[in-house]
Amino acid sequence: MEKSVRAVVVEAPGGPDALRYGETTLAEPGTGEARVRVLAAGVNFIDTYHRSGAYPLEPPFVPGTEGAGVVEAVGPGVREVAEGDRVAWAMQLGSYATHQVVPCWKLVPVPQELGSETAAAAMLQGMTAHYLSHSTYPLEEGDVALVHAAAGGVGQLLCRMAQMRGATVIGTCSTQEKEAIAEAAGAHHTIRYTEEDFVARAKALTKDVGVDVVYDGVGKTTFAKGLEALRPRGMMVLYGQASGPVPPIDLQELNKHGSLYVTRPSLAHYTATREELLGRATTLFDWIRAGKIDIKIDRTFTFKEAAEAHRYIEGRKTKGKLLLVP
Ligand SMILES: NC(=O)c1ccc[n+]([C@@H]2O[C@H](COP(=O)([O-])OP(=O)(O)OC[C@H]3O[C@@H](n4cnc5c(N)ncnc54)[C@H](OP(=O)(O)O)[C@@H]3O)[C@@H](O)[C@H]2O)c1
């Protein structure tokens, strides 16, 4: 039987006002699925790409790909979770709603000591920072990493994890206030890239050698310069496009700047099996409980205020995680 639930719905792609609080219907959980009552949904930059149509989805749809809540009902053949379990998930569209149906292999048990808001806040940005620093370019003691938008959601967690792996972290950001946030998150050096040439500073900080890796979630405004900041055979990790998509490049550029490597990774490919997903999520939860990682919730909005949350993240105001609550 279908269930009517309250949700933020996008009827047609557009600006933040395309997010309308209303109703949608959910089918009963099918084989291998569970219906969860959403206690907190994470706001991520990808939600703005879905809303605007930059990453096209068939409307109408409920945005949001991350949350935490309680299992309310399970479909046939479910072994991973049971009714009443507290769980968290990422990379599953439909989280800006009071209820969501999620494939059970994507549900991660939330430890008792962890609040649902913290769990929701940690999943997507936390696992992203984890795969970037541990798998895409596994940082080693002595590496130098350039982290763009270092005071943002992924940025802060990436600075901390890079520091934990023994790397020297150079973080870029747009304001003095954000420089202090990036430093508190573990950046050893900060560059206000809106005012200063980050390539020249990164080169100066590495005695003209260049950095081992650039983690770039900003895209259009930073990518080309980032190639110049790398050492020969360094790696450019383009994981997002907060400033807009990167135009096509001539591959000869990679040769010119020293036989560089470029990758464009996605969390989905680094949590593609239940084993890998649980490995990253439980490591993250363990670090939060041990106080090694601090999940900074910047602001919490209600579902009705989803448009305001999108204006906030697109307006470069985030200093940590944004959440939506029912
Ligand atoms: N590939 C993946 O697996 C994956 C997973 C998660 C997130 N991401 C990507 O990671 C990036 C960061 O995501 P997040 O959720 O943590 O967001 P966020 O970092 O909290 O916000 C984005 C930041 O980008 C910077 N920025 C630079 N130019 C901008 C512009 N023109 N408009 C808006 N922001 C601009 C801003 O920092 P300053 O003001 O300091 O410049 C802003 O705070 C996004 O590109 C997102 O799509 C990718």
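**Chat about the ligand site**

Me: Hi! How many residues surround the ligand, and which are the closest?
Reply: Hi! The ligand has 28 residues around it, and the closest are Tyr131, Ser174, Lys178, Tyr193 and Arg316. Keep in mind that this is a predicted model.

Me: Sure. What does the side chain of Tyr131 do there?
Reply: An N or O atom in the Tyr131 side chain is 2.7 Å from an oxygen atom of the ligand.

Me: And which backbone atoms come in?
Reply: Gly217 has a polar backbone atom 2.7 Å from a ligand oxygen. For Leu267, a backbone N or O atom lies 2.8 Å from an oxygen atom of the ligand.

Me: Nice. How much of the ligand does the protein bury?
Reply: The protein buries 91% of the 900 Å² that the ligand exposes when taken alone.

Me: Which pocket is that?
Reply: The ligand takes up the space of the largest pocket.

Me: Which elements give two or more residues to the shell?
Reply: Those are helix H1 (45-52), helix H2 (116-136) and helix H3 (153-164). H2 has the largest share, with four residues.

Me: What's the mix by class?
Reply: The shell around the ligand has 13 nonpolar, 11 polar and four charged residues.

Me: Where does the ligand lie with respect to the domains?
Reply: It lies between domain 1 (3-124 + 271-325) and domain 2 (141-264), because both give residues to the shell around it.

Me: Switching to the backbone: is the peptide bond from Pro59 to Pro60 cis or trans?
Reply: That bond is cis, with omega near -5°. Pro60 is in the loop between H1 and strand E4 (66-74).

Me: And does Ala149 have a positive or negative phi?
Reply: Positive, at about 50°, although Ala149 is not a glycine.

Me: Where is Ala149 found?
Reply: Look in the loop between strand E8 (144-147) and H3 for Ala149. H3 is also one of the helices that give two or more residues to the ligand shell.

Key:
Residues are numbered from 1 along each chain as its sequence is written. This is a predicted model: local features need pLDDT of at least 70, side-chain atom pairs count only at pLDDT 80 or more; totals for chains, interfaces and linings use all residues. Side-chain values use heavy atoms; hydrogens and water are left out. A residue is near a molecule or strand if one of its heavy atoms lies within 4 Å of it. A polar contact is a pair of N or O atoms within 3.5 Å; within protein, one must be able to donate a hydrogen and the other to accept it, and residues adjacent in sequence count only if both atoms are side-chain atoms. Accessible areas come from the Shrake-Rupley method with a 1.4 Å probe; for residues, only the protein chains shown count as cover. On a 1 Å grid over the protein atoms alone, a cavity is a set of points where a 1.4 Å probe fits but cannot get out, and a pocket is an open set with protein on both sides within 12 Å along at least five of seven lines; lining residues have an atom within 4 Å of a point. A molecule sits in a cavity or pocket if more than half of its atoms lie within 2 Å of its grid points. Ala, Val, Leu, Ile, Met, Phe, Trp, Tyr, Cys and Pro count as nonpolar, Asp, Glu, Lys and Arg as charged, and the others, Gly among them, as polar. Domain bounds come from an automatic or database domain assignment.
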